Amino acid sequence: ADALRQTGARSNALAGRIMCSLFYEPSTRTRLSFESAMLRSGGGVIGTENAREFSSAAKGESLEDTIRVIGHYADAIVLRHYESNAAIRAAGVSRVPIISAGCGKGQHPTQALLDVYTIRQRRTDLTGLRVAMMGDLKHGRTVRSLAYLLGKYPKIELYFASPEELRLEQDIRAHFQEHGIYFREYESVEDIIDSVDVLYITRLQQGRMPDEDYARLSGSYSLNRGMAQRMKEGSIIMHPLPRVGELSTDVDTLPGAVYLNEQVESGVLVRMALLSSLLR
């Protein structure tokens, strides 16, 4: 990714190769980022942005059969799906590489890669980094993947702030405890905002909770400029986007706000690097 940044995110390494973007859930950034990455690498793109309605899934075709067929059309398949184990199922039958573009509330691994890459642009050494994640930690796959990845760095400290109903699920807590990863949980990010190096914000996952829960919890947490300005010098503010109401637009112009620029740019670079490593 660093090398690609020096070339202006342009390469001809994947000329003649074809990537299929197979998305069963809505997406803007992830889908277009992958497609941009493939095109910037000299390759071609086929796919559908709403495979639940505009593919043979609407006729009852299984995911496995869809993957078996598309493997004859493309050299790699980028899969976004509403089931948490979909990427694993697809990889079990595919003749070409399967890249998870986010599956259910399980994992979003390339988002975690680009998030860590973004942090690395500002903080060369991640050792001992203090990272806070706030919002819907129960249903958000970006938090799950990022927490697992950050936990591999030495002396990392992870802080999680959310309403009681949106706290981390037990499997992540068990993972932290098993591997001796330091973490603490809070109900409000204000308890820790002045001491962290990175603040990662997520929205309520409306599609993964009952309507009455969403209505009750909507607006229960947010970050505004006054709160953000309490963060220490050199800290950064991240968001996987889209945002709904949990991140005020008056934060956008602060020096540490990277979610509309560096974080987005990192997505293309990291995905170019990933595609190149798989298909060259």
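Helices (H or I, at least four residues) and strands (E, at least two) are DSSP runs, numbered from the N terminus. The structure is a predicted model, in which local features need pLDDT of at least 70 and side-chain atom pairs count only at pLDDT 80 or more, while totals for chains, interfaces and linings use all residues. Residues are numbered from 1 along each chain as its sequence is written, and side-chain values use heavy atoms, with hydrogens and water left out.

**Figure 1. Overview of the chain, with its 10 helices and 9 strands.** The C-alpha atoms fill a box of roughly 55 × 45 × 40 Å along the principal axes. The radius of gyration, taken over C-alpha atoms, is compared with a globule rule of 2.2 Å times the number of residues to the power 0.38. For 280 residues a compact globule would have a value near 19 Å, and the 19 Å of the chain agrees with this. Half of the chain, 50% of its 280 residues, counts as buried; here buried means under 20% relative accessible area, exposed over 50%, and partly exposed in between (1.4 Å probe, protein chains only). Contact means heavy atoms within 4.5 Å. Of the contacts between residues at least 6 apart in sequence, 72% join residues at least 24 apart.

**Figure 2. Surface and charges of the chain.** About 12700 Å² is exposed by the chain, and carbon and sulfur atoms supply 47% of this area. Accessible areas come from the Shrake-Rupley method with a 1.4 Å probe, and for residues only the protein chains shown count as cover. The mean positions of the 34 positive and 34 negative charges are 6 Å apart. Lys and Arg count as positive and Asp and Glu as negative, with His and the chain ends not counted; each charge is placed at NZ of Lys, CZ of Arg, CG of Asp or CD of Glu.

**Figure 3. Helix H2 (residues 29-40) and its cover.** The 12 residues of H2 reach 16 Å from the first C-alpha to the last, close to the 16 Å expected at 1.5 Å a residue. The expected span of a helix is 1.5 Å times one less than its number of residues. Buried positions in H2 are Thr30, Arg31, Ser33, Phe34, Glu35, Ala37 and Met38. Their cover includes strands E1 (18-23), E2 (44-48), E3 (76-81) and E4 (98-103), together with helix H5 (109-122) and H10. Just after H2, Gly42 adopts a positive phi of about 90 degrees.

**Figure 4. Helix H10 (residues 262-279).** H10 has 18 residues and spans 26 Å between its first and last C-alpha atoms, close to the expected 26 Å. Its buried residues include the run of Ser266, Gly267, Val268, Leu269, Val270, Arg271 and Met272. Gln263, Leu275, Ser276 and Leu279 are also buried in H10.

**Figure 5. The loop between strand E9 (236-238) and H10, the place of Pro242.** A cis peptide bond, with omega about 5 degrees, joins Leu241 and Pro242. Leu241 lies in this loop too and has a positive phi near 60 degrees, although it is a residue other than glycine. At 13% relative accessibility, Leu241 counts as buried. Asp252 is likewise placed in the loop between E9 and H10; its relative accessible area of 22% makes Asp252 partly exposed. Not counting residues up to four places away in sequence, Asp252 touches Arg243, Ala257, Tyr259 and Leu260. Asp252 and Asn224 are 28 residues apart in sequence, with their C-alpha atoms 9.8 Å apart.

**Figure 6. Two lysines in loops that flank helix H6 (141-150).** Lys138 is in the loop between strand E5 (130-134) and H6, and at 31% relative accessibility counts as partly exposed. Leaving aside neighbours within four places in sequence, Lys138 is in contact with Lys105, Glu165, Leu166, Arg167 and Glu169. Between Lys138 and Glu246, 108 residues apart in sequence, the C-alpha distance is 16 Å. Lys155 is found in the loop between H6 and strand E6 (157-161). Lys155 has a positive phi of about 55 degrees although it is not a glycine, and its relative accessibility of 69% makes it exposed.

**Figure 7. Ile172 in helix H7 (residues 170-179).** With a relative accessible area of 0%, Ile172 is buried. Beyond its neighbours within four places in sequence, Ile172 is in contact with Arg144 and Tyr148. Ile172 and Thr30 are 142 residues apart in sequence and 24 Å apart in space, C-alpha to C-alpha.
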